[in-house]
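Notebook open. Today I want to look up ring pairs, a pocket and a helix, in no grand order.

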Amino acid sequence: MRAADLISRHPEAWRGATRHPFLDSLRDGTLPVGAFEAWLEQDYLFVGDLLAFQARLLARAPRPAQRVLAGGLVGVEDELGWFEDRAQERGLELGSKRHPTTEAYRDLLTVLDEGPYPVAITALWVMERAYLEAWRSAAPGHPEYHPFVEHWTTPEFAGYVAGLEEAADAALQAEGVPEERVEAAFLEVASVERDFWEMALSYSAPRHAGDEG
Ligand code: MP5
């Protein structure tokens with residue numbers, strides 16, 4: 001089995017993860033500001049959880065996968081600072097209250113963390129590949145959101161996703177890989193990715209004390 005087979009086997013689940021009215025309205029500029037800010041706040045929390053997951057994944061990765069995972073780990077820490085800068089520009093305070101969907105995603109990361117490495121590395125590739133395709137679907141994006149579209153559609157990011165795919169493919173070649181668990185993880189990640197867009201669109205982050213309205 002190769003990682004990319006998962007996408008061709010489950011086109012509906014994949015479409016749900018990578019195409020969404022949130023992304024369409026981000027492209028044409030009709031996205032409510034509250035929805036965008038809800039996404040920004042919750043994705044920042046998700047990326048913090050992802051950092052912890054990736055650190056543990058790196059710790060148990062085979063030698064050939066260490067470079068892409070170590071690079072990714074540095075990238076994710078850098079990204080947290082990038083989120084902080086974007087939030088500051090918008091006068092948005094990044095809170096720490098997880099929406100139930102963000103919490104469900106963190107729970108999934110914990111399950112993956114406790115499971116076999118080939119399942120976890122493949123799941124990480126699915127998360128990143130989903131973001132690459134999702135943000136490509138929003139390109140070029142309304143000018144207000146250009147920096148966000150650009151962030152996940154650069155050739156460097158696409159190269160990182162390709163590197164993860166290579167690491168996932170190598171892991172999936174090993175004997176005794178529990179393919180049904182790989183498949184289940186793909187479907188779970190695809191489903192929570194869809195839920196994440198849905199959450200952002202339907203949820204406006206609680207305003208901070210002292211804010212108007
Ligand atoms: C990613 C993300 C990609 N930021 N948020 C979700 C819900 N899924 C995937 O991770 P990264 O580290 O931003 O590339």
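Before counting who lines what, I fix the term: a lining residue has an atom within 4 Å of a point of the pocket. I also note that this is a predicted model.

**Pocket.** With that settled, I asked which helix gives the most to the lining of the largest pocket. Helix 5 does, with seven residues. Helix 5 covers residues 66–89, and helix 4 (33–59), helix 7, helix 9 and helix 10 join it in supplying at least two residues each. The pocket holds about 410 Å³ of space. I get 23 lining residues, and those nearest the centre are Glu79, Glu128, His151, Trp152 and Phe157. Sorted by class, the lining comes out as twelve nonpolar, five polar and six charged residues.

**Ring pairs.** Next I searched the whole structure for aromatic pairs and got 23. I pulled up Trp14 and Phe186: the ring centres are 5.8 Å apart and the planes sit at 25°, under the 30 degrees cut-off, so I log the pair as stacked. Trp14 belongs to helix 2 (residues 11–18) and Phe186 to helix 10 (residues 179–202), so this pair links parts of the chain 172 residues apart. Are these two buried or exposed? Trp14 is buried at 6% relative accessible area, and Phe186 is buried at 1%.

Then I checked Trp135 and Trp152. Their centres are 5.1 Å apart and their planes at 20°, so this pair is stacked too. Trp135 is in helix 7 (residues 117–137), while Trp152 is in the loop between helix 8 (146–151) and helix 9 (155–173), 17 residues apart. Both are buried. Trp152 is also one of the residues nearest the pocket centre.

I followed the ring pairs outward from there. They link Trp135 and Trp152 into a cluster whose members include Phe22, Phe36, Trp39, Tyr44, Trp82 and Phe83. Tyr131, Tyr145, Phe148 and Trp197 are in that cluster as well.

**Helix 9.** Last, a length check. At 1.5 Å a residue, its 19 residues should span 27 Å, and the end C-alpha atoms are 27 Å apart, which agrees. I listed the buried residues of helix 9, among them Phe157, Tyr160, Val161, Leu164, Glu165 and Asp169. What covers them? The cover includes helix 1 (3–9), helix 4, helix 5, helix 7, helix 8 and helix 10. Phe157 turns up twice in my notes: buried in helix 9, and listed with the residues nearest the pocket centre.

Technical notes
Residues numbered from 1 in each chain as written. Predicted model: local features only at pLDDT ≥ 70, side-chain atom pairs only at ≥ 80, totals over all residues. Heavy atoms only, no water. Phe/Tyr/Trp six-rings, centres within 6.5 Å; stacked < 30°, edge-to-face > 60°. Helix = DSSP H or I, 4+ residues; strand = E, 2+ residues; numbered from the N terminus. Buried < 20%, exposed > 50% of the residue type's maximum accessible area, 1.4 Å probe, protein only. 1 Å grid on protein atoms, 1.4 Å probe; cavity = no way out; pocket = protein on both sides within 12 Å on 5 of 7 lines; lining within 4 Å. Points joined across faces, edges and corners; volume = space filled by probe spheres on them. Nonpolar A, V, L, I, M, F, W, Y, C, P; charged D, E, K, R; others polar. Expected span 1.5 Å × (residues − 1). Contact = heavy atoms within 4.5 Å.
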